Amino acid sequence: MVTPSLLNCDFARIADELEALKQAGTIAVHLDVMDGHFVPNLSYGAPVIKDWRPRTDFPFDTHLMMSDPGRYLDDFIRAGCDVIIFHIEAVPEPVPLLRRIRAAGCHAALALNPPTPVSAIEPFLDELDAVLVMSVMPGFGGQAFEPSVLEKVRTLRAARPELPISIDGGINPTTAAEAVAAGATQLVAGSAVFRNDGNYAAALAELVQGARRGIE
Ligand SMILES: O=C(CO)[C@@H](O)[C@H](O)COP(=O)(O)O
Ligand SMILES: [Fe+2]
């Protein structure tokens, strides 16, 4: 599955952007929340997501790049997020938070930055609905894919054949193929979708074609 990251969309026209993604065949969107502390950038938070919620029925895959996600977790749950992902580097003892997310009826996932080994999340795999492997350092769209993370995807896939594995950062048709071949099941793509020609259907089709090459 290709999940567009809204980071590069036109936020002034969010309803139109969501509709255009729907027409292009999207089935979920990835929301990047940045706190200017865990990552050197700011984006948007729960009040904005709450206003988007009635505009779309897309599941909201919410990537919290925050130093203290627990402090704001209830706001994201109330805002209507469906999948809530936070970083193991921010919360080294993640079980209480993962359980709060699941108890609220949401899916819980942990993200790991490129330098962070799989062993950092291994003890918690039974508590997870998915893992998000970052293939760039978080904070910005449009960065180059870090190929060394593919080994982590392979390790996770071997350890957990059924675990949904997302990969996020620098995904294009070529890296989509590599990520899927390694075992990724969800490809988060920002700049490869929100490219200059505005043809989201063509962009998604190219990414899906890349992903298919990875399965063959
Ligand atoms: O979490 C992040 C960046 O921190 C991502 O979700 C990016 O928004 C993906 O953008 P591209 O790398 O595909 O441009
Ligand atoms: Fe993200």
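**Close-up views of a predicted model**

**View 1. The surroundings of ligand 1.** Of the 21 residues around ligand 1, those that come nearest are Leu7, Pro138, Gly141, Gly190 and Ser191, where a residue is near if its C-beta atom, placed from the backbone, lies within 6 Å of the molecule. This is a predicted model, in which local features need pLDDT of at least 70 and side-chain atom pairs count only at pLDDT 80 or more, while totals for chains, interfaces and linings use all residues. Residues are numbered from 1 along each chain as its sequence is written, and chains are lettered from A and ligands numbered from 1 in the order in which they are written. At least two residues of the shell come from strand 2 (29-34), and at least two from strand 8 (186-189); strands are DSSP runs of E with at least two residues, and helices are runs of H or I with at least four, numbered from the N terminus.

**View 2. Gly142 and Gly170 in their loops.** The UniProt record, an unreviewed entry, lists both glycines under "binding site", although such annotations may be inferred rather than shown by experiment. Gly142 lies in the loop between strand 6 (130-134) and helix 5 (150-159), whereas Gly170 lies in the loop between strand 7 (165-168) and helix 6 (173-182). Gly170 counts as buried because 23 other C-beta atoms lie within 10 Å, and Gly142 counts as partly exposed because 13 do; the cut-offs are 20 or more for buried, 12 or fewer for exposed, and in between for partly exposed, with C-beta atoms placed from the backbone.
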